[in-house]
Amino acid sequence: MSSSETARQILAAKARLKLNWADIAQGVGMSEVYTTSVCLGMNPMSEDKAQALCNLLDLDPALVDDLVRCPYRTWDYTVPQDPVIYRMYEIVGVYGATVKELIHEKFGDGIMSAIDYQMDIDRKDDPKGDRVVITMDGKFLPYRRW
């Protein structure tokens with residue numbers, strides 16, 4: 001089965017059971033962001049977590065194979081039209097060079113890992129309008145010199 005078909009079935013079960021991503025993450029014992037990413041086909045999970053997900057969502061156990069498989073991580077290279085995703089592109093466009101400069105100043109020549117990485121998305125109450133707080137936490141990987 002394809003990751004997109006698995007994701008479609010997961011999203012249908014999520015809606016049918018009236019669960020949110022935090023409920024699903026808690027049910028499988030993983031972070032909310034990573035669990036959501038797995039369910040959308042961008043990351044794999046261990047077999048026991050995949051079985052727990054299928055049990056929680058009352059899904060065909062045959063989906064476990066797709067959930068544990070290393071996915072083909074791909075996305076459309078055009079700028080997306082969805083406003084939430086577009087804004088992330090805008091943030092990288094406006095602040096990407098700044099982030100790069102500050103990482104290099106604070107750590108040296110290298111990158112932030114997207115492999116040894118975690119992200120959290122939280123809501124912060126604010127009288128002027130609630131705020132979205134995105135924390136990206138990745139290991140620093142220096143470039144090797146030889």
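Asp58 is exposed, at a relative accessible area of 63%. It sits in the loop between helix 4, residues 47-57, and helix 5, residues 64-68. Its phi is positive, about 55°, although Asp58 is not a glycine. This is a predicted model, so please hear every value as computed from predicted coordinates.

Lys18 can be described along similar lines. Phi of Lys18 is near 55°, again a positive value in a residue other than glycine. Lys18 belongs to the loop between helix 1, residues 3-17, and helix 2, residues 21-28. With a relative accessible area of 72%, Lys18 is exposed, because the cut-off for that word is over 50%.

A word on confidence. The protein chain has an average pLDDT of 93, and 99% of the residues score at least 70. By element, the highest mean pLDDT belongs to helix 4, at 98, and the lowest to helix 6, at 89.

Now helix 6, residues 83-107. Where is the kink in this helix centred? The centre is Tyr95, and the kink is about 60°. At the N-terminal end of helix 6, Asp82 acts as the cap: one of its side-chain oxygens lies 3.1 Å from the backbone nitrogen of Val84. At the other side, helix 6 is followed by Gly108, which has a positive phi near 110°.

Helix 6 also holds a salt bridge, between Arg87 and Glu90, with the closest N and O atoms 2.9 Å apart. These two are three residues apart in the helix, about one turn. Arg87 is partly exposed at 46%, and Glu90 is partly exposed at 34%.

How many salt bridges are there? The count comes to four. Another one of them joins Glu5 to Arg8, where the closest N and O atoms are 2.7 Å apart. Glu5 and Arg8 are separated by about one helical turn, because they are three residues apart in helix 1. Glu5 is partly exposed, at 26% relative accessible area; Arg8 is also partly exposed, at 48%.

Arg123 and Asp130 form a salt bridge as well, at 2.6 Å between the closest N and O atoms. Here Arg123 counts as exposed, with 65% relative accessibility, while Asp130 is partly exposed at 40%.

Next, the interior. The largest nonpolar core has 16 residues, and those touching the most other members are Ile10, Met45, Leu53, Cys54, Leu57, Leu59 and Leu67. Which elements give two or more residues to this core? They are helix 1, helix 2, helix 3 (residues 32-39), helix 4 and helix 5. Helix 4 contributes the most, with four residues.

Take Leu53 from that list. Setting aside neighbours within four places in sequence, Leu53 is in contact with Ile10, Ile24, Val28, Cys39, Met45 and Leu67.

Last, Lys139, which lies in strand 2, residues 131-142. Is Lys139 buried or exposed? Neither label applies: Lys139 is partly exposed, because its relative accessible area is 45%, and that falls between the cut-offs of 20% and 50%. Not counting residues up to four places away in sequence, Lys139 touches Ile111, Met112, Ser113 and Asp116. Lys139 and Thr74 are 65 residues apart in sequence, with 22 Å from C-alpha to C-alpha.

Note on methods
Residues numbered from 1 in each chain as written. Predicted model: local features only at pLDDT ≥ 70, side-chain atom pairs only at ≥ 80, totals over all residues. Heavy atoms only, no water. Buried < 20%, exposed > 50% of the residue type's maximum accessible area, 1.4 Å probe, protein only. Bend = angle between axes of the 7 residues up to and from the residue. Polar contact = N/O pair within 3.5 Å; in protein donor to acceptor, adjacent residues only side chain to side chain. pLDDT = per-residue confidence, 0-100. Core = buried A, V, L, I, M, F, W, Y, C linked by side-chain atoms within 4.5 Å. Contact = heavy atoms within 4.5 Å. Salt bridge = Lys/Arg side-chain N within 4 Å of Asp/Glu carboxyl O.
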